[in-house]
Amino acid sequence: CFGIPLPPLDDAPALLAAFNAELAEFRRLTADRSLADLEHLPECADPEHRAVMEILSAMSDASIFTNFPLFSLISSIGATRSVRMGNGGLSPMMYSLMSIALIAHHQAYSEIRPLSSAYLSLIRRPGFTPYHFGRCMAYHVWNINHWVEPLETSLPMNEDSAAASRKAHNIMYATYQIDSRLWLQILLGRSMDEIVESGDQLIKTCALNNLPFVVSLGAPTVAAAHALRGDTPAMDDLNGCGFDESAFLSQWGELSIVENGWRIAKITVCGLAGDHTRVLQLCEGIAQTYPVTYPLNLEWHFWHGVAAATLLRNEASSPESAAHSAVLADEIHYFDFIHRHGHAPNVEARLRLLQAERARGDGHPDAALPLYRAAAHSAAGQRFTLLAGYCHERLADFQLEIRQFEDSRRSLETALESYRDCQANGLLPRIQGKL
C-alpha cells in the first residue's frame, strides 16, 4: 500500500525487527531536536500523506488488540513518515500510538514525556476532529499518562476524551472511558463510593447502547469496591451487589483482557485481606496476557511483591522461599525502574513498602523502619488514601514487632482514619481489633 513494505502479518519476529528498524530511523531523524518540538513541524497538505495516516490509523484500531507487533510497526511508520514529510492529518495519532509501543517494548519513559507533550498540543488544534481527539486521548489515558505524569491528571483527560467521543457520537469510546475512570479511581483509592457510582453509570450507559463487553472491563473493579466497603460476605469475596463471579467467568473468562481484569480486582481484595498464597496464584500468567501499558499493572505488580515478601518472611524454610525471594526482587526492580525513569511519585509508596518488606525479612530493622515511614508518607502525600491506610497498617505491625507500642497505636489510628476516609469499611474491624 503506497509502496510501504510490510513483513508477513503472522511473522511476529519480522514485524518486531521492522518496528525496531523504523524506530531507529525515527530516532536518527529527531536526534538534533527535542521530541516536544515535533508539534512545530510544518504542515503537510499532501493528499497521499494524509491518506496514509488515515489507513495506518484504521489498521491500528484493531491490531492493538489482535496483532501488537503489527500495531507497533504501523505506529512507527506513521511517526517516521510524519517527521520526514511534516505533520498532516492524523500525525499526532501516530505519535501517540508509537508512544504505546515505546513503553511496551522499551519502557522508554524519558522519550514519552516530550513526545506526548507534542501530540497533546497538536490534537487541540482546529481541524482535529472530535472523533480522533477522543480516540487519541483515550489511548493516552489507557496506556501512557500514568507512566510519565501525576496519576490524578488522567482524570480530567479521561473526561475530555469521553466528552469528545460523545460529541462525535462514538458511544463505545465514551463508555470505554468509564472503564478507565474506574481503574484510575481504584489506584487513587480515594473513594469506594465514587467507584460504585461510576459503576452504576457504566451499567446504565451500556444497557442503553447494548455494550455488554464494555461493562465486563469495569465490573470486577466495581465489585472490588463493594467488597472493600463491606457490602459482600467477605473481604476477598466479589460476589454480591449484582456481581456473580462464576457467571461472569463463564461468560467472559475466555477473553484474556477481561479475565485478567477480574484477576487484578481479586488480587486487590485478597491482598488487603491477607490471603497472600491466593495472590500469588492469581498473578500467574498475567504478565504474558495483559497489556503491559495499562494502569492496573501498578496494582497487580505491587500485591505480587507484597505477597512474596510476606510468605518469604513467614515461611523462610519453605521450598518456595527462593521463588518468593526472586519475585520480590523482580517487583522491586519493576518499581525502581519506573521510579527512576517515569513519574516517581506515582510509584514511590509502592516501591518503598516493598523495600521495607525486604529489609524486614533480611533482618535489618534499622533500614526497614524509615522505608515503612517513607511509604506511608508518600502515599498520604499523593492522596492515595487506600494505599496510605495499608502502608500505615504495615508500619504499625512492624512497630509492634520491634516493641514500639505507642508508635504502633498511632500508626493504626492513622490507618483507621484513612480507611474510613475512602469508605473501605470492610477493613475497619481488623484495625479496631488490633487497637
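Glutamine 423 counts as buried in this predicted model, because its relative accessibility is 17% and the cut-off for a buried residue is under 20%. Its place is in the loop between helix 21 (405-421) and helix 22 (428-434), and there glutamine 423 has a positive phi of about 60° although it is not a glycine. Most residues other than glycine have a negative phi.

Histidine 169 can be read alongside it, since histidine 169 also has a positive phi, near 60°, in a residue other than glycine. Histidine 169 is found in the loop between helix 8 (154-167) and helix 9, and with a relative accessible area of 70% histidine 169 is exposed, whereas glutamine 423 is buried.

From that loop the chain can be followed into helix 9, which comprises residues 171-188 and packs against helix 6, residues 130-143, at an angle of about 20°, with the two axes 10 Å apart. Because angles under 35 degrees count as roughly parallel, helix 6 is roughly parallel to helix 9. The crossing of these two helices, helix 6 and helix 9, is left-handed. On the side of helix 6 the contact is made by Arg135, Ala138, Tyr139, Val141 and Trp142, and on the side of helix 9 by Tyr173, Tyr176, Gln177, Asp179, Ser180, Trp183 and Leu184.

Arg135 also leads to serine 57, which has its place in helix 2. Leaving out residues up to four places away in sequence, serine 57 touches Leu90, Met93, Met94 and Arg135, and at 2% relative accessibility serine 57 counts as buried. Helix 2, residues 47-66, also holds glutamate 48, but glutamate 48, at 38% relative accessibility, counts as partly exposed. The C-alpha atom of glutamate 48 is separated by 50 Å from that of glutamate 245, a residue 197 places apart from it along the chain.

Another buried serine, serine 99, is found in helix 4, residues 91-106, and its relative accessibility is 0%. When neighbours within four places in sequence are left aside, serine 99 is in contact with Ile112, Leu115, Tyr119 and Ile144.

A second helix pair is formed by helix 10, residues 192-209, and helix 11, which pack at an angle of about 150° with their axes 9 Å apart. Since angles over 145 degrees count as roughly antiparallel, helix 10 and helix 11 are roughly antiparallel to each other. Their crossing, that of helix 10 and helix 11, is left-handed. In this contact Met192, Asp193, Ile195, Val196, Gly199, Leu202, Ile203 and Cys206 of helix 10 meet Val214, Val215, Gly218, Thr221, Val222, Ala225, His226, Leu228 and Arg229 of helix 11.

Gly218, listed among those contacts of helix 11, is also where helix 11 bends, by about 40°, and proline 220 follows within four residues of that glycine. Helix 11 runs over residues 212-229, and its 18 residues reach 25 Å from the first C-alpha to the last, close to the 26 Å expected at 1.5 Å a residue. Of the 18 residues of helix 11, 15 are buried, so the helix is largely enclosed by the rest of the structure. After helix 11 comes glycine 230, whose phi is positive, near 90°.

Helix 3 can be described in the terms used for helix 11. Helix 3, residues 68-85, has 18 residues and reaches 26 Å from its first C-alpha to its last, close to the 26 Å expected at 1.5 Å a residue. It is mostly covered, with 15 of the 18 residues of helix 3 buried, and just after helix 3 glycine 86 takes a positive phi of about 110°.

The last element is helix 16, residues 297-314, whose 18 residues should span 26 Å at 1.5 Å a residue, and the end C-alpha atoms of helix 16 are 26 Å apart, which agrees. Because 15 of its 18 residues are buried, helix 16 is largely enclosed by the rest of the structure.

Note on methods: Residues numbered from 1 in each chain as written. Predicted model: local features only at pLDDT ≥ 70, side-chain atom pairs only at ≥ 80, totals over all residues. Heavy atoms only, no water. Expected span 1.5 Å × (residues − 1). Bend = angle between axes of the 7 residues up to and from the residue. Buried < 20%, exposed > 50% of the residue type's maximum accessible area, 1.4 Å probe, protein only. Axes fitted to C-alpha atoms, helices over the stretch in contact; angles between N-to-C directions. Parallel < 35°, antiparallel > 145°, perpendicular 65-115°, else oblique. Left-handed = near helix turned anticlockwise from the far one by under 90°. Contact = heavy atoms within 4.5 Å.
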